[in-house]
Amino acid sequence: MRPFFHSLALVALLPLAARAITPEEAEFFEKEIRPVLVEQCIKCHGPEKQKGDVRLDSRAAMLKAADDGQVAVPGKPDESELIKSIRHQGDSKMPAKADKLPEHQIAALAEWVKMGMPWPENEKAATPAASAEATKGHWSWQPIANPAPPAVKDAAKWARTDLDRFILAKLEEKKITPSPLAPKRTLIRRATYDLTGLPPSAEEIDAFEKDSSPNAFAKVVDRLLASPRYGERWGRFWLDVARYSDTKGYLAGGEERRYPFSYTYRDWVIAAFNRDLPYDQFIVQQIAGDQLAKDGDNTPMAAQGFLTLGRRFLNSQPDIIDDRIDVVCRGLMGLSVGCARCHDHKFDPITQKDYYALYGVFGSSMEKPSGELPLLGGTPDPEYQKQLAEREADIENFFVEKETLFAWRTLLTVGAPAVLPQQMRGQFMDRAGREALTKLKNKIDELNASPLAPPRAMALLDAPQPMNPHVFVRGNPARPGEPVPRRFLAVLSGGDPKPFEKGSGRLELAQSIASKSNPLTARVFVNRVWNLHFGRGLVRTPGDFGTKGEPPTHPELLDWLASKFMADGWSMKKLHRTIMLSATYQQASDDRPDAAQADPDNRLLWRTNRRRLDFEAMRDSLLACAGQLDLQMGGRGVELAAPPFAKRRAVYGYIDRQNLPGVFRTFDFASPDAMSPQRFVTTVPQQALFMMNSPFVIDNARALVGQPKYQEANAYEEEVQELYRRVFARKAERAEVDAALRFVMNAITNPASREAEKPVWQYGWGGYDESAKRVDFHPFPHFADKGKIWQAGAKFPDPAPAVGYVSLHADGGHPGRDSAHSAIRRWTAPRDGVVSITGTLERPEPTGDGVLGRIVSSRAGELLKVEVGAKQSAPTNLARVEVKAGETLDFIVDPRADDTSDSFRWHPVIGSDDGNWDAKAQFAGPPPPRPAALKPWEQYAQVLLETNEFAFVD
């Protein structure tokens, strides 16, 4: 019973040059990076011209030094002159003779450098005809065959289904024998987690172990498939593909960030899996549900959250459409069509015409305001209708007021009052008017995001008049080129795609994707299901079935499964049964040196891959073991990461794509920013720290010991057995009981110390006494949660004459009115060592006398002193500073003679060989109150929750 979370592997990160880049990295480069370099950089920094002796047309050129430093430092965007220049930090600003790049392009370039600057092989873009010709034999474009199961030697001894024959044939070629069947206890745990994401109960395990009938496991599978928990488990898997989120991402202008009815899509997905909606209909409803709704039943329209719940990209329509093309093509067909936005796809037979044909489909579709979205049954609450009417009236009155004012102005200037048509309302408002209108509209969105609002479908409708798309030259909407009809991809249409004729064409698009003649759709889905059952797909690049993706390890099996899937009416539940009733699925997961030598990566499936619980299964299992799990289904999302912790299943968690809680990322949750074909699996120290220190885990350890059956135990050994029954669904062995009793007795006789650790970063005000070389530091007593600002009191500015605006936030802050009330950001060294300090003190306002910045060591005194005038900045870099454990470094900003306009930006980074302390990234409010110390038996319960046996499926 080894503690998994306490035995973390050390993984050395290979430099990019030492490994092949991934398909995801290649796609990111082609979609986000190459277009920016071509449009914005190559003219001045390419093969013909190298301004400043800098070239940006190859990775090798970027790695060379420039006049001011290294052009790009892989993995370190903040140290790269390229990123500093496009951020307009320092003297060099790029582009030199144009506006600053849009923020999303700057963020993409910074992320690319952080990734290690992946740059695909420099291949010439093939012409469409040459590309199609060169790749026509690629396996994924071929029609799906229905191969006969191969003949094998030892079928009678091991194979249970035709599926097993495909696996056994490959194993026999390599002279590898398959593994024996897993023990029944392991098998039911594997199946229960796979289908429901929850652990089996001790009673369910006992019943299965006692059932000696030939179809005992089939009965287990059928019971699990019939459970409502099945839809919750597999619905969450699909939400990764759909990049589900309850928010829109970053938006400007104060627009409401929440999607008011996102949950109706999530609930539709769960219900669709539970009722085994055929997968072809599952696809069609998500793309064109608005055209299937009838007789007042708008349920199919709820499915369209698949399209509408993506990022909003500052409401950039081309980017929103690009995101929808990606989720449809990569999510459903494994094709990176988005790579053809700016140029023909460099590797697959997908042209710009293909891309913009689909662009026209989604450009011919529209969304309605939240209050006008289709209702999903029921009658709205009278109070909701009353408040909605009031808020809509406020907007109408606002328009009337502004239009009346506009009419008077035109009367006075041109002699006649102007009357604006309905479609031009709001177009002639100034910035203040637009902001006021946004606030009024937000009030309707806030009402619709409240429990009072009736459920509505996040639908996408056909526009009254379809658009006639054009190819955008180099992806630039301001440069329309050749017109193209709305149609399907040429490579999947026999080279002769017919134009769509019905409205936007979304229904025809959906039918083309969900067609049995489409060679990709069924293959992609059965591969995705296989991947989730085995930990790896038959195709190990589930989001890329193109020429740069991996070929299938068992191509005949993939086709056999896809063919059977369609023949079975696209039934998802029948597909599960086909896979799970095979001997391949039911194999043991034990390692075998003989087989591992012949097939070290287990590509031939001579055993089952061991898998760790994902975030949702781990969280739900903690609640289930502790008897705390709330099985209520549906409804609005709940907060998972903050106390008081919700007890509902993780699938019902509120997902904020811009502010995803750290625990989600720690446990490899799929990013909601884009379609996710599969999750990464990492082993990092933060996972162990969460299991040891999280109040959520501690609460459940305490609740586990508080269960009635545990409390009724009459002896210590009975208490151990009850904990084992709830956590592992088995009896503890004698040695385990003895170890438990030793642990508990030791905890009773030697209670652990609970000294509170000081936070690394602290925030306060005070002054620096130069003669005494001492800092007078006063921690801020108040944290304004709304603005995320530390300040001297609840009122801001503080009424005390000398205190004023003294405050600190993630980027910087403001000093008080005299030197004794300087703003101080304090760092405490956690251990002895040598550190470096990098940063820039900026004072952006043009008025006032500037600020004085200091870095002061509690041991060595003043290390640095800089004066920064109005609208100036100064570097605050120290290459080498020796520190001792407990020593403090204070970053002090003094207002000098007065504090007029003394807002500053200063968020230093303290670096060392074993990690960095980033003042901005690590800025935080007050720590949550420490939970009460666990009692000895509660400590032991927490230890059990940290073990391999709990954390792994097998």
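D620 is a buried residue, with a relative accessible area of 2%. That makes a good starting point for a tour of this model, which is a predicted one.

**Charged pairs**

D620 has a salt-bridge partner in R619, and the closest N and O atoms of the two are 4.0 Å apart. R619 counts as buried too, at 3% relative accessibility. In general, side chains of opposite charge can pair when their charged atoms come close. The structure as a whole holds 63 salt bridges, including the three listed here.

| Positive partner | Negative partner | Closest N to O distance |
|---|---|---|
| R619 | D620 | 4.0 Å |
| K248 | E255 | 3.6 Å |
| R725 | E722 | 3.0 Å |

How exposed are K248 and E255? K248 counts as buried at 11% relative accessibility, whereas E255 is partly exposed, with a relative accessible area of 24%.

The pair E722 and R725 sits in helix 30, which spans residues 716-728. The two are 3 residues apart there, so about one helical turn separates them. E722 is buried, with 10% relative accessible area, while R725 reaches 22% and counts as partly exposed. Elsewhere, salt bridges that share partners tie R229, E232, R619, D620 and R649 into one network. The opening pair, R619 and D620, thus reappears as part of that network.

**Patches on the surface**

Which lysines gather in a patch of positive charge? They are K43, K49, K51 and K97, and the patch lies on the surface. One of them, K49, has its place in the loop between helix 1 (23-41) and helix 2 (59-62). K49 counts as partly exposed, at 45% relative accessibility.

There is also a nonpolar surface patch of about 270 Å², made by Y716, M745 and I748. Y716 belongs to helix 30, the helix that also holds E722 and R725. With a relative accessible area of 41%, Y716 is partly exposed.

**Cysteines**

How many disulfides does a search of the whole structure find? The count is 0. C41, for example, is in no disulfide, and the nearest cysteine sulfur, belonging to C44, is 8.9 Å away. C41 counts as buried, at 5% relative accessibility. Why does C329 have no bond to C339? The sulfur of C339 is the closest cysteine sulfur to that of C329, but the distance is 11 Å, too far for a bond; the cut-off for a disulfide is 2.5 Å. C329 is buried as well, with a relative accessible area of 2%.

**Covered places**

Is helix 32 mostly covered or mostly open? Helix 32 (residues 936-945) is mostly covered, and 8 of its 10 residues are buried. Among the buried ones are P936, W937 and Y940, together with the charged E938 and the leucines L944 and L945.

A loop residue can be buried too, as D599 shows. D599 lies between helix 24 (593-598) and helix 25 (615-625), and its relative accessible area of 6% makes it buried. From D599 to V737 there are 138 residues along the chain, and their C-alpha atoms are 39 Å apart.

**Backbone details worth a look**

Most residues other than glycine have a negative phi, and most peptide bonds are trans. Several places in this model depart from that pattern.

Two peptide bonds that lead into prolines are cis. In the bond from P643 to P644, omega is near -5 degrees. P644 is found in the loop between helix 25 and helix 26 (662-666). In the bond that joins F796 and P797, omega is about 0 degrees. P797 lies in the loop between strand 10 (789-791) and strand 11 (807-808).

Phi gives two further cases. H88 is not a glycine, yet its phi is positive, at about 60 degrees. H88 sits in the loop between helix 3 (81-86) and helix 4 (103-114), and at 27% relative accessibility it counts as partly exposed. R474 is not a glycine either, and it has a positive phi of about 55 degrees. Its place is in the loop between strand 5 (470-472) and strand 6 (480-483). R474 is partly exposed, with a relative accessible area of 46%.

Notes. Residues are numbered from 1 along each chain as its sequence is written. This is a predicted model: local features need pLDDT of at least 70, side-chain atom pairs count only at pLDDT 80 or more; totals for chains, interfaces and linings use all residues. Side-chain values use heavy atoms; hydrogens and water are left out. Buried means under 20% relative accessible area, exposed over 50%, partly exposed in between (1.4 Å probe, protein chains only). Patches are made of residues with over 30% relative accessible area and no salt bridge: like charges are joined within 9 Å, nonpolar side chains (Val, Leu, Ile, Met, Phe, Trp, Tyr) within 5 Å. Accessible areas come from the Shrake-Rupley method with a 1.4 Å probe; for residues, only the protein chains shown count as cover. A salt bridge is a side-chain nitrogen of Lys or Arg within 4 Å of a carboxyl oxygen of Asp or Glu. Lys and Arg count as positive and Asp and Glu as negative; His and the chain ends are not counted. The place of a charge is taken as NZ of Lys, CZ of Arg, CG of Asp or CD of Glu. Helices (H or I, at least four residues) and strands (E, at least two) are DSSP runs, numbered from the N terminus.
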